[in-house]
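Please open the model in your viewer and keep the selection panel at hand. The tour proceeds from a single contact outward to the two parts that it joins.

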Amino acid sequence: MFSDASYYFRRAAQVMGIGERVQRLLEKPQRIVKVEIVVELDSGDLGTYTGYRVQHNRARGPCKGGLRYHPTLDEDHCCELASLMTWKTAVADLPFGGAKGGIDCDPTKLSLREVERITRKFVSEIHEIIGPTVDIPAPDVNTNAQIMAWIMTEYSRFHGFSPAVVTGKPIELHGALGREEATGLGVTFAIRELCARKGLDLAAQTYAIQGFGNVGSHLARHLHERGGKVIAISDVGAALHNRDGLDIPALLEHFARTRSLAGFPGAEPMSRDELIFTECDVLVPAALGEVFTKENAHLVRAKMIVEAANAPTTPEADEVFDRRGVVVVPDILANAGGVIVSYFEWTQNIQQFRWELEDTHKRLERYMGKAFRTVWDLATSRGISMRTAAYVVAIGRVGKATVLSGV
Ligand code: NAD
């Protein structure tokens, strides 16, 4: 239980000199809810699923975190992901705690109506422990704006009109402009800050990106628009390489047409699993967890790694990168753009006032810049890695809020 996130938490807690009892207080989830969901399937059979909502810590505000629909989802995984959300919201200095949850169903094997029935039943089971001032879910793996819309309307049946109960909603139903590209754009801001600190120009760097989904595709576009040279990119089906830089607008157009990276004329194909060993300045994992392990970390040739994916680096790989002087911008900082814009959506819903897209971009830039500077300054002044510094900042903020609220 708690695996990698727990290791990083404990390592930072040691640097801070936090005792065992306080560590336990900050590490354990405050509430774990598990519900059985029984629905009638289209075939007339009964489908039974288990739903989870783990609220890790609410010292700094209502809990915030995604809902994922995946057959392998279990309580331990929700606990680990919920704790990551506590540290992520704290690093970004958002007035939220951390949560995660979901259902152990496989939406690829269900009809849209079945997913809707499962979602509404789940909400009817958990509506008393979520809410705009309690716990605000969001999309995650295999969940999307449509599912958030069902959650909002089902919750509103019990509690009255409540758009702020969930974020990542469709624009037509109280969603925020800019939410979809937020994580990719936030990663771009993190890269720009990193380059500035190291005296480098973002436009003069070469980039390799693993993943061409929501995060990877928006990141590639934003880097390209700023003059960055994306020389390699992969998804689950293919990988491409071009030393002179890929034409990202043409690649996006190709992908929209064919739903595949394969067959793009402006690049050479490469082995999907070799992408992380590409010689480049900045490597961005934007697909899976546990990509870098003790078996492969020494083969990575990038000078900097910016973690757009959640938990792509195992503790053993992290030590290898530390030893080799590879700078790693950790997930809880690098990919915070999504939850930052979720926070903007929540504030807009509460005020019943929609911001312009440029307001969102400007504010996202400010939040990412401030979080990056705080972590960077601590890392350089204390001689610790950016990951440990990010955890130290987060644990310090959550710890102070806990003490001030008078446990
Ligand atoms: P997505 O499902 O839209 O895209 C995932 C991409 O990864 C796809 O292009 C897929 O083909 C690719 N992929 C899967 N297996 C691969 C493999 N073996 N090799 C190369 N590519 C592979 O997901 P996303 O929303 O872009 O999220 C990507 C990562 O970023 C995840 O780790 C997620 O937890 C994290 N993240 C996402 C957000 C967000 O706002 N979407 C926020 C924070 C963190």
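Begin by selecting R11 and D318, whose side chains meet in a salt bridge at 3.0 Å, N to O; the term denotes a side-chain nitrogen of Lys or Arg within 4 Å of a carboxyl oxygen of Asp or Glu. The model is predicted, so that local features need pLDDT of at least 70 and side-chain atom pairs pLDDT 80 or more, while totals for chains, interfaces and linings use all residues. Residues are numbered from 1 along each chain as its sequence is written, and side-chain values use heavy atoms, without hydrogens and water.

Next, colour domain 1 (2-161) and domain 2 (182-325) separately; these bounds come from an automatic or database domain assignment. The C-alpha centres of the two domains are 28 Å apart. One salt bridge is counted between domain 1 and domain 2.

Now display the residues in contact (heavy atoms within 4.5 Å): five belong to domain 1 and seven to domain 2. Between them, the domains bury about 650 Å², of which 38% is on carbon and sulfur atoms; buried area is the accessible area (1.4 Å probe) that two parts lose on being put together, summed over both. Select D4, Y7 and Y8 next: they supply 59% of the area that domain 1 buries against domain 2, more than any other three residues.

Finally, select helix α1 (residues 3-16), which gives the most to the side of domain 1 that touches domain 2, with four residues. Helices here are DSSP runs (H or I, at least four residues), numbered from the N terminus.

Technical notes: Helices (H or I, at least four residues) and strands (E, at least two) are DSSP runs, numbered from the N terminus.
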